Amino acid sequence: MIRLIDFGFGPAARNRLDEARTAGFEGAVAALETFYYALNAADLDVLTAVWSADELAQLNNPVGGILRSGRRIADLYRRIFASAMAVEVTFTDAVTYDFGAAVVFAGRELGSYRAVDGARVPLAIRTSRVFGWQAGAGRWEQLHHHGSIDDPVQLAAYQAAAGVTSAP
């Protein structure tokens with residue numbers, strides 16, 4: 001089933017890890033909201049709990065480049081959370097693709113981050129997140145993320161704030 005939903009998961013997102021143990025679309029949405037709670041609250045423990053630990057879990061984004069494995073993904077977020085960036089985003093304008101045991105959420109992240117000079121800078125990222133129902137674990141886990149910034153000047157500024165000159 002394909003749906004257009006404006007989730008609005010941002011700084012007020014909730015930790016719904018317990019609800020992410022519910023099979024079905026609502027459990028996947030709980031896992032997605034939990035991710036945005038963890039990202040905006042810089043909560044590495046919760047973020048790690050919602051991401052798959054699998055060696056083939058994959059993140060493709062402007063700061064990390066292409067990373068595979070739950071451990072490497074957690075290491076990237078640890079670095080971001082320890083930085084002065086203070087990223088705040090809201091996931092919005094999402095089309096969801098529900099395949100039963102997998103759900104793709106494709107939309108936008110709108111928000112801001114702190115630049116090297118300390119100023120708050122607007123942030124707009126096209127993003128998709130894939131969650132899969134892991135029957136053995138009895139919960140939804142994030143398996144894949146792709147994010148991109150279209151404007152090259154904005155991309156370079158975001159990477160500089162994160163301490164990378166280009167994504168590896």
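**Exercise 1. Is Asp 93 buried, partly exposed or exposed, and what is its relative accessible area?**

*Worked solution.* Keep in mind that you are working with a predicted model.

Step 1. Start with the number: the relative accessible area of Asp 93 is 36%.

Step 2. Compare it with the cut-offs, where buried means under 20% and exposed means over 50%. Asp 93 is therefore partly exposed, at 36%.

Step 3. Now look for a partner. Asp 93 meets the side chain of Arg 108 in a salt bridge, with 2.9 Å from N to O. This pair links distant parts of the chain: Asp 93 sits in strand E4 (residues 88–98) and Arg 108 in strand E5 (residues 102–114), 15 residues apart.

Step 4. Check the partner as well. Arg 108 has a relative accessible area of 41%, which makes it partly exposed.

**Exercise 2. Find the salt-bridge partner of Arg 14 and describe the setting of both residues.**

*Worked solution.* A reminder before you begin: side chains of opposite charge can pair when their charged atoms come close.

Step 1. The partner is Glu 33, and the closest N and O atoms of the two residues are 3.2 Å apart. Here too, distant parts of the chain are linked: Arg 14 lies in the loop between strand E1 (2–5) and helix H1 (25–41), while Glu 33 belongs to helix H1, 19 residues apart.

Step 2. Turn to accessibility. Arg 14 is partly exposed at 48%, whereas Glu 33 is buried, with a relative accessible area of 3%.

Step 3. Place the salt bridges in the whole structure, which holds 10 of them.

**Exercise 3. Explain how Arg 71 and Asp 75 are placed along their helix, and how their side chains meet.**

*Worked solution.* Step 1. Both residues are in helix H3 (residues 70–82); because they are four residues apart there, about one helical turn separates them.

Step 2. Their side chains meet in a salt bridge, at 3.6 Å from N to O.

Step 3. Asp 75 counts as partly exposed, its relative accessibility being 33%.

**Exercise 4. Work out how strands E2 and E3 pair, and name the bridge partner of Asn 60.**

*Worked solution.* Step 1. Locate strand E2 at residues 58–61 and strand E3 at residues 65–68.

Step 2. Look at the direction: the two strands pair in the antiparallel sense, over four bridges.

Step 3. Follow one bridge across. Asn 60 has Ile 66 in E3 as its bridge partner.

Step 4. Finish with the connection: three residues lie between E2 and E3, and the two strands form a hairpin.

Definitions and conventions. Residues are numbered from 1 along each chain as its sequence is written. This is a predicted model: local features need pLDDT of at least 70, side-chain atom pairs count only at pLDDT 80 or more; totals for chains, interfaces and linings use all residues. Side-chain values use heavy atoms; hydrogens and water are left out. Two strands pair if DSSP finds at least two bridges between them. A salt bridge is a side-chain nitrogen of Lys or Arg within 4 Å of a carboxyl oxygen of Asp or Glu. Buried means under 20% relative accessible area, exposed over 50%, partly exposed in between (1.4 Å probe, protein chains only).
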